[in-house]
Amino acid sequence: MHDDNEYKIEAKSDNVSDVGTFESVTTTDIDYLPPKEIPDQDLYHSHSWWTTYVFSQDAKYIGIQYAFTAIGTGLLGLILSWLMRMQIAFPGLGLLEPAAYYQFVTMHGMIMVVYLLTALFLGGFGNLLIPLMCGSRDMAFPYVNMLSYWMFLIAVIVLLASFFVPGGPTGAGWTLYPPQAITAGTAGSNAGITLMLISLVLFVAGFTMGGLNYIVTTLQYRTQGMTLMRLPLTVWGIFIATVLAMFAFPALLVGCIMMTLDNVLGTSFFMPTIISMGEKLGTEGGSPILFQHLFWFFGHPEVYIVALPAFGIVSDLISIHSRKTIFGYRMMVWAIVGIGALSFFVWAHHMYVSGMSPWFGYFFATTTLIIAVPTAIKVYNWILTLWKGNIQLTLPMLFALAFVVTFVNGGLTGIFLGNVTVDVPLSDTYFVVAHFHMVMGIAPILVIFGAIYHWFPLITGRMLDEGMGRIHFWVTFIGSYLIYFPMHYQGFVGVPRRYFEIYDSPYMSVSGLSLNAFITVAALIVGATQLLFLYNLIFSARAGKKAEKNPWKANSLEWLTPEMPPGHGNFGKELPKVYRWAYDFGVPGAKEDYIPQTTPPSAVVGSKVEKS
Amino acid sequence: MLALIFAHVLVLIAVGSVIFHFWSPWWWTEVASNWGGMDDTILLTFWITGVVFVAICFFMAYCVWKFRYQKNRRSDYNPENKKLEFHLTWITAVGVAALLAPGLIVWNDYVTVPKNAIKIEVLAYQWDWKYRLPGEDGILGKTDINLVNDENPFGIIQGDKNGMDDLLVDDNELHLQINKPVKFELRSLDVLHNFYVPQFRGKMDIVPGMITYYWIEPIRTGDFEILCAEYCGTGHYAMRGRVFVDEKNDYDNWMAKQITFEKFLAKNSKEKIKTIKLAKN
């Protein structure tokens, strides 16, 4: 990879080549590609309905299986959030008991972060797009890839099973901090938490199987001519996110295993001597903070495991729908890599007031604010791509732009919380809730919507309905901003998060109840609009407008398959050859305003093209 | 048309957010401790990040409108601009450093406890608070969680001389004296908690098995609510207490009413004898 980049940079130095350079060379010479290094894949061909649609080894199907399971679980998360919000805003209704409220908070958080976002971005979009965009026939290890999905499904089933065990699911908060998670004062401190931990262990195991596929496929199975620096940023985002996951998930795994042992066998990894509800437990000498370190060593990269694919996808959406080359591609790639690397050095900014040595605060505040620099560069490059573009406000583009606004807002509040002093008054308040929902809830979800509107024709051959899509867009974008922007101010007032009931306490000079009611009503409306979106998915898959081939006039390989939706093996008889990056839009001298990656230089001789 | 609407919405979001910021009634409480510096850091962060947010929204609104799709137009071909990228990078780095530096200075104060701070132990448990103040020696006696029981709710080691004169506040109401720095020594019997008074700004988790701390200096009198700010189980939301910041006289009066550990033990044994007698009768 390193050598490859070196080579690229050298090639870049002579910058834009014009026609003159090529005068003496023959056509075959300019179209030269280095020979293939890896033989064509031996594909598994299914023979029955079961092996085609259920136990499928085709990455495209596995991606869709992942997506359905993730979205289904996410719907449950959405319903749980409605119930929680109803309870906070209208406590008079007596909708929930405190224990149930905390169980819903916990399950909502865990489902949304792990079982929806992670699974959908990597399992869903990763499986669908990596082979297609790299120009390969399938993932490197299709059988393991299939197992990955089934492992994920079992993890989801175990998670859902915890609703039906005595004591119900765990109510420990999604961070599952011990000792509280496994002591009597918390709901589901026996069976509930055990099932949650087992489910996470299964998820990590399944995810590792998928993740190896994404990494190996990206590194080994790119088609002829597809250098790393010609990959669409979507693949870069998913690839680096997967690398992060491979390093981060083991920390979660050991944390889960150790806590299971504490809970089931009475070990003391995380348990000091404590008196729980007047009764002394037999534990001794463990450290609750150790769990927090393990959890956040996973938990912070996890934020970027979700964010990097979103960054990648949104870069592609903005470039394609602005009909303009992404601005600063190489900077974008290095920013993704840099953010990924830095994300392993910032975890304890979640723990400024955890009781760890306060001297850590200096280090983690500094690293955290450093990460703001590459992140800001990405934002600049997105908006500079708009500059002098030819912007089509298609549905994917609307969602992509909404993402930028939401992400900038959520990212900037991250600078508040990352700066250790500012974090002291704001930590554990609604400011934090508002911040992370904005930056890693709404922002990635907006990208997911944009991506679904963008790639739906690739999956089904039909377009999603524009009218329903517009309603979905406006309500989701404006509505979620109205939910989370005011919520920051509850945090300034000092309202702590995870309060079953807030009361009109003396510290609130103005009642927080009216604001809570407003936020809840907005959340109900935004949530209901997602049902319209689901209806649109089902309706359009059956009766939507037929999509033309390459409906957005994009350059990347997934649109250049012989059939749409692509068939088994993706590319027909011969794999495509790649002569350029995916961002040749509006190239001066070219006939069309886009040049697909498979177009050889000899076919566009008159155009000025960035050597990539 | 859509471009026009979208551009306006972007402007509206930026302007609306600024209006909400300045004119909504929800804002922080008047600070009651020496940590006004935290508020100042927040305000500084506000100005810098606020300007960035508004600028980005406006820029996007302009682009969406100005460069809206036209069939016969081509976008500008400009894949890279090293100079621009370089300038943006260092400007961002400077902005970030400008936010970080004052933050670290205030943090340094926060973690450096003044020598004259009065030590007060906050004992948290599911789901209430107790407090312990040092006696005239100014030193809190050593404790051991294994000794905690009804007769010795703090688990004070009885052999430790410093502990016998400690004042025990077996109640969730605490009093502090104005303008006297205090160091809260935080202990938990069971799970994580966090001793938080919105008006004081300070915060620190309370971790079983160790003593954490932070310090404040109250700067105005009043009656404030104590909230638990680290999720601690089903009763978390109800784990509240009160703290009063008093002038010296009121504070001394309150102190005079508190009993020492020694008296507490004596009282307990008397009560025990009483109950035994009652039982015999």
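**Two chains, question by question**

Biologist: At what angle do helix H9 (residues 288-322) of chain A and helix H14 (residues 430-460) of chain A pack?

Modeller: Helices here are DSSP runs (H or I, at least four residues; strands are E, at least two), numbered from the N terminus. The axes of H9(A) and H14(A) are 9 Å apart. Axes are lines fitted to C-alpha atoms, for helices over the stretch in contact, and angles run from 0 to 180 degrees between N-to-C directions. On that scale, H9(A) and H14(A) pack at about 40°.

Biologist: What does that make H9(A) relative to H14(A)?

Modeller: Under 35 degrees counts as roughly parallel, over 145 as roughly antiparallel, 65 to 115 as roughly perpendicular, and the rest as oblique. That makes H9(A), set against H14(A), oblique.

Biologist: Hang on, what kind of model is this?

Modeller: Residues are numbered from 1 along each chain as its sequence is written, while chains are lettered from A and ligands numbered from 1 in the order in which they are written. Local features need pLDDT of at least 70, side-chain atom pairs count only at pLDDT 80 or more, and totals for chains, interfaces and linings use all residues; the model is predicted.

Biologist: Back to the helices: is the crossing of H9(A) and H14(A) left-handed or right-handed?

Modeller: A crossing is left-handed if the near helix is turned anticlockwise from the far one by less than a right angle, and right-handed if clockwise. The crossing of H9(A) and H14(A) is left-handed.

Biologist: How do the residues of the contact of H9(A) with H14(A) divide?

Modeller: Contact means that two C-beta atoms, placed from the backbone, lie within 7 Å. H9(A) brings residues including Val303(A) and Leu317(A), and H14(A) brings residues including Met440(A) and His454(A). Ala, Val, Leu, Ile, Met, Phe, Trp, Tyr, Cys and Pro count as nonpolar, Asp, Glu, Lys and Arg as charged, and the others, Gly among them, as polar. By those classes, the contact divides into 12 nonpolar, 2 polar and no charged.

Biologist: Are H12(A) and H14(A) roughly parallel or antiparallel to each other?

Modeller: The axes of H12(A) and H14(A) are 8 Å apart, and the angle is about 160°. H12(A) passes H14(A) in a left-handed crossing, and the contact holds 17 nonpolar, 9 polar and no charged residues. With that angle, H12(A) and H14(A) are therefore roughly antiparallel.

Biologist: Zooming out, what is the radius of gyration of chain A?

Modeller: Chain A has 16 helices and 4 strands. The globule rule (2.2 Å times the number of residues to the power 0.38, with the radius taken over C-alpha atoms) is the yardstick. For 612 residues that rule gives 25 Å, and chain A is close to it, so it is as compact as a globular protein of that length, with a radius of gyration of 25 Å.

Biologist: And what is the radius of gyration of chain B?

Modeller: Chain B has 6 helices and 11 strands. Its C-alpha atoms fill a box of roughly 105 × 40 × 35 Å along the principal axes. The globule rule gives 19 Å for 281 residues, and chain B is well over that, so it is more spread out than a compact globule, at 28 Å.

Biologist: Which helix gives the most to the side of chain A that touches chain B?

Modeller: In total, 93 residues of chain A are in contact with 85 residues of chain B. The chain A side has 57 nonpolar, 28 polar and 8 charged residues. With 13 residues, the helix that gives the most is H11(A).

Biologist: Which residue of chain B does Gly361(A) touch?

Modeller: Gly361(A) lies in helix H11 of chain A. A residue is buried if 20 or more other C-beta atoms lie within 10 Å of its own, exposed if 12 or fewer, and partly exposed in between; C-beta atoms are placed from the backbone. Gly361(A) counts as buried, with 26 such neighbours. Not counting residues up to four places away in sequence, Gly361(A) touches Tyr352(A), Val420(A) and, from chain B, Trp107(B).

Biologist: Is Glu85(B) buried or exposed, or partly exposed?

Modeller: Glu85(B) is found in helix H3 (residues 82-111) of chain B. Leaving aside neighbours within four places in sequence, Glu85(B) is in contact with Gly328(A) and Met331(A). With 17 other C-beta atoms within 10 Å, Glu85(B) is partly exposed.
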